[in-house]
Amino acid sequence: WDPFDPLGVGTRHFMSYHKWLLGMLPSENVVTLHDSGEIDLHAIEKPAGGPQMLKIALSDGAYCFVEYRTKTGLDGAELVMNTRINGFKPVDGLLIHYRAPPHSAELGILLPYFDRNHPAIVDGSTPFLDSRRSLSIELLDVRDGVALVRVDRDPPAENQGCSCSQS
């Protein structure tokens, strides 16, 4: 169950991970990150000439997937009607999911980060933090449908707040 994917609840764009598996998102638009860094991430709702999915390798063999969602098409105004059904408003920010490591019983299942009822959404006000895996993800800026994203694999102690929010 995921409120941010049509395979879960409601009508929305497919998540970047599912678009990639289905061949709707070209592999050249997927960036795998093993270290800290900054990257421009194009909105997932329509084809782009640059990265649209960030695949962050985690130490336990799992992955964190990051995409930039905007209030466009199925993620936009039409979704407002569906909000009263599933309680989740349109997203304008980063949406973060977790894929379990290969040895896990949940192999192949893409989960909303933290829990199924509170997906990790980063809107620029506070960074996302997974202190267990020493991972911080921050939305620095948005311009013309492109988000500047910072990933820190060893975040400083002052960033020890959870930014998991429900939109």
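**Entry 1: strand S3 and its partners**

I began with Val 31 and found that this residue stands opposite Leu 54 in S3. The model I am reading is a predicted one, and I keep that in mind for every entry that follows. Looking at the strands around this pair, I noted that strand S1, residues 30-33, and S3 pair in the parallel sense over four bridges.

I then turned to the pairing of S3 with strand S4, residues 63-69, which is antiparallel and also runs over four bridges. Here I looked up Ile 56 and saw that Cys 64 in S4 stands opposite Ile 56. The hairpin formed by S3 and S4 has five residues between the strands, and within this hairpin Gly 61 takes a positive phi near 90°.

Which way do the residues of S3 point, and are they buried or exposed? I found that Met 53, Lys 55 and Ala 57 point one way while Leu 54 and Ile 56 point the other way, and that all are buried. Because five of the five residues of strand S3 (residues 53-57) are buried, I wrote down that this strand is largely enclosed by the rest of the structure.

**Entry 2: the nonpolar cores**

Next I asked which residues have the most contacts inside the largest nonpolar core. This core has 24 residues, and the ones with the most contacts inside it are Leu 54, Ile 56, Val 66, Leu 94, Ile 137 and Val 149. The elements that give two or more residues to this core are S2, S3, S4, strand S5 (93-99), S7, S9 and strand S10 (146-152). I added a general remark beside this, that in soluble globular proteins nonpolar side chains tend to be buried together.

I followed Ile 56 further and, leaving aside its neighbours within four places in sequence, listed its contacts, among them Leu 33, Val 66, Leu 135, Ile 137 and Val 151. A second, separate core has six residues, including Tyr 17, Leu 25, Val 30 and Met 53.

From strand S7, residues 120-122, I picked Ile 121. Its relative accessible area is 3%, so I counted Ile 121 as buried. The C-alpha atoms of Ile 121 and Tyr 68 are separated by 9.7 Å, and the two residues are 53 apart along the chain.

**Entry 3: a four-stranded sheet**

I traced an open sheet of four strands, whose order is S2-S10-S9-S8 and whose pairing is antiparallel. Strand S2 (37-42) and strand S8 (128-130) stand at the edges, and because each has a single partner strand, one side of each is left without a neighbour in the sheet. On average, with direction ignored, neighbouring strands of this sheet are turned by 20° against each other.

At the S8 edge I checked the pairing with strand S9, residues 135-143, and found three bridges joining the two strands, which run antiparallel. What is the bridge partner of Phe 128 in S9? I found that it is Ile 137.

**Entry 4: charged pairs**

I then counted the salt bridges, and the total comes to five. One of them joins Glu 38 to Arg 150, with the closest N and O atoms 3.2 Å apart. Since Glu 38 lies in strand S2 and Arg 150 in strand S10, this pair ties together parts that are 112 residues apart in sequence. Arg 150 has a relative accessibility of 34%, so I noted this residue as partly exposed.

Another salt bridge is formed by the side chains of Glu 67 and Arg 69, at 2.5 Å from N to O. I checked the surroundings of this pair and found that Glu 67 and Arg 69 are both buried.

Arg 143 forms a salt bridge with Asp 141, and the closest N and O atoms of that pair are 3.1 Å apart. Here Arg 143 counts as exposed, because its relative accessibility is 61%, whereas Asp 141, at 29%, is partly exposed. Finally, I saw that salt bridges that share partners join Glu 38, Glu 138 and Arg 150 into one network.

**Entry 5: a residue in helix H1**

Last, I looked up Ser 16, which has its place in helix H1, residues 16-21. With a relative accessible area of 1%, Ser 16 is buried. Leaving aside neighbours within four places in sequence, I found Ser 16 in contact with Leu 25, Ile 44, Gln 52, Met 53 and Glu 67.

How values were computed. Residues numbered from 1 in each chain as written. Predicted model: local features only at pLDDT ≥ 70, side-chain atom pairs only at ≥ 80, totals over all residues. Heavy atoms only, no water. Buried < 20%, exposed > 50% of the residue type's maximum accessible area, 1.4 Å probe, protein only. Pairing = 2+ DSSP bridges. Axes fitted to C-alpha atoms, helices over the stretch in contact; angles between N-to-C directions. Core = buried A, V, L, I, M, F, W, Y, C linked by side-chain atoms within 4.5 Å. Contact = heavy atoms within 4.5 Å. Salt bridge = Lys/Arg side-chain N within 4 Å of Asp/Glu carboxyl O.
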